[in-house]
Amino acid sequence: MKKLISITATVTSMSLLLSIAPAAWAESSPTSVVQDVSNTLNLDQKVTKQLTDAITALAGKQTIQFTSADTAFDDWVVNSTLTGAAKADVTQNYNSKKAKVTSTLINYKADDLNKVLDQALYNKIQSFLKSFDKDKKFKADAFWRVKQDVNDSGLKNYWVIWGHDQSLYVDVDHNNQLSASILYDLKEARATLTNKARNSLKMLGISSVKAFDYSLLTKENKDTLWVYQDDSSINSVHIGSSTGKVWKVINEFGTDWNNDADFKKSFAKPKLSKKKALSAAAPKVKSIFGLNLKGYSVRIQDNQYTFTKKGATTLIGKINKKGAFYSFEAIPVNGVRN
């Protein structure tokens with residue numbers, strides 16, 4: 001997998017890890033199902049109950065068989081199998097010092113998706129993919145139910161459906177909010193958008209440019225974007241999937257400070273005046289975004305220049321020590337980029 005975003009990938013870094021209903025199966029499990037737990041590992045009874053309760057909270061009462069446990073360190077790794085609605089492998093982390101389960105991951109086979117999810121959630125995902133994945137590239141290989149103490153790209157309690165260079169996340173804690181990412185080789189991407197991304201990068205005006213290696217179709221929050229990027233995440237262009245508008249252009253080759261101390265010293269005072277910033281940004285913003293900065297005001301913080309006008313798109317630009325803009329991002333009035 002090249003750069004998959006856990007949508008909860010964020011889109012910004014596009015190291016897409018490449019993020020469903022609260023205990024969806026637990027809510028729909030028949031009350032007549034009796035919990036059956038097999039523990040031949042001589043785990044403490046209290047620990048076994050904690051592990052079992054954590055699985056049950058996510059999957060409902062089913063048959064659990066603990067198969068292995070690595071207790072050599074403070075953070076134990078305990079594996080088990082689950083049978084009932086569908087067969088699954090379970091991996092859990094248990095902090096022996098804190099005496100608590102810190103994560104539970106239930107790994108299901110892709111073919112069992114409609115057996116495990118409740119119908120409403122299953123329908124929601126299918127409807128989402130019909131709209132999002134117009135090329136019908138999304139093919140699930142497996143799906144997981146995860147709950148953990150540590151955020152995974154902003155997620156702690158979620159389902160994730162995995163495919164080859166693609167993922168779909170459902171955030172349990174935020175009303176089953178869906179995010180997704182599908183990686184396209186450049187030869188598979190839209191030619192017109194690919195050309196627009198390349199031209200936008202050139203218009204930014206930084207002399208060095210790294211060729212794009214792939215394009216990501218992403219959905220996160222209200223944004224649905226094509227993200228063109230190289231494997232090193234140096235160059236990036238974001239284009240709306242519906243509008244075809246450019247929303248963000250970055251070329252990290254434009255950064256020229258040595259470290260945090262150099263950055264702080266270099267931008268302790270405004271490098272460009274508001275008037276000079278408007279003059280320098282206006283032609284690039286016009287070429288890349290088709291926006292006229294006439295009537296805009298400017299706010300300066302370190303190397304970031306924010307151009308605003310009431311009722312108009314906001315532009316955020318970043319400069320280097322030479323005063324050259326290496327990054328622009330457009331934020332529409334309604335906050336929706338697609």
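In this predicted model, Asp 165 is buried, because its relative accessible area is 11% and the limit for that label is under 20%. Asp 165 belongs to the loop that runs between β7 (155-163) and β8 (166-171). Its C-alpha atom is 9.5 Å from that of Leu 216, a residue 51 positions away along the chain.

The nonpolar interior comes next. The largest nonpolar core has 74 residues, and those touching the most other members are Leu 82, Ile 106, Tyr 108, Ile 125, Trp 159, Leu 168 and Phe 307. Helix α2 (residues 45-59) supplies the largest share of this core, with 6 residues. There is also a second, separate core of 6 residues, including Val 146, Tyr 158, Trp 162 and Tyr 169.

Aromatic rings offer another way to follow the chain. The structure contains 18 aromatic pairs. One of them is formed by Trp 144 and Trp 162, with 5.4 Å from centre to centre and 65° between the planes, an edge-to-face arrangement. This pair links distant parts of the chain, since Trp 144 is in strand β6 (residues 140-152) and Trp 162 is in strand β7, 18 residues apart. How buried or exposed are the two partners? Trp 144 has a relative accessible area of 26% and is therefore partly exposed, whereas Trp 162, at 14%, counts as buried.

Tyr 184 and Trp 226 form a further pair, which is edge-to-face because the ring centres are 4.8 Å apart and the planes meet at 70°. Tyr 184 is in strand β9 (residues 177-185) and Trp 226 is in strand β11 (residues 223-229), so this pair ties together parts that are 42 residues apart in sequence. Both rings belong to buried residues: the relative accessible area is 2% for Tyr 184 and 4% for Trp 226. Tyr 184 also has a charged neighbour, as Lys 137 lies over the face of its ring at 4.8 Å from the centre. A similar kind of arrangement occurs elsewhere, where the charged end of Lys 271 is placed over the ring of Phe 267, 5.9 Å from the ring centre. Ring pairs also join Phe 289, Tyr 305, Phe 307, Phe 325 and Phe 328 into a cluster. Phe 307 in this cluster was named above among the residues of the largest nonpolar core that touch the most other members.

Asn 235 is a polar residue to look at next. It is located in strand β12 (residues 235-240), and its relative accessibility of 0% means that it counts as buried. What does the side chain of Asn 235 join in a polar contact? The partner is the side chain of Asn 251, at 2.8 Å. Beyond its neighbours within four places in sequence, Asn 235 is in contact with several residues, among them Leu 201, Val 209, Phe 212, Tyr 228, Asp 230, Ile 250 and Phe 253.

The last topic is backbone geometry in two loops. Most residues other than glycine have a negative phi. Asn 176 has a positive phi of about 60° although it is not a glycine. Asn 176 is in the loop between β8 and β9, and it is buried, with 14% relative accessible area. Ser 233, also not a glycine, has a positive phi of about 60°. The loop that holds Ser 233 is the one between β11 and β12. Ser 233 is partly exposed, at a relative accessible area of 27%.

Key: Residues are numbered from 1 along each chain as its sequence is written. This is a predicted model: local features need pLDDT of at least 70, side-chain atom pairs count only at pLDDT 80 or more; totals for chains, interfaces and linings use all residues. Side-chain values use heavy atoms; hydrogens and water are left out. A nonpolar core is a set of buried Ala, Val, Leu, Ile, Met, Phe, Trp, Tyr and Cys residues joined through side-chain atoms within 4.5 Å. Buried means under 20% relative accessible area, exposed over 50%, partly exposed in between (1.4 Å probe, protein chains only). Helices (H or I, at least four residues) and strands (E, at least two) are DSSP runs, numbered from the N terminus. A polar contact is a pair of N or O atoms within 3.5 Å; within protein, one must be able to donate a hydrogen and the other to accept it, and residues adjacent in sequence count only if both atoms are side-chain atoms. Contact means heavy atoms within 4.5 Å. Rings of Phe, Tyr and Trp (its six-membered ring) pair if their centres lie within 6.5 Å; planes under 30 degrees apart count as stacked, over 60 as edge-to-face and the rest as tilted. A charge sits over a ring if NZ of Lys or CZ of Arg is within 6 Å of the ring centre and within 35 degrees of the ring normal.
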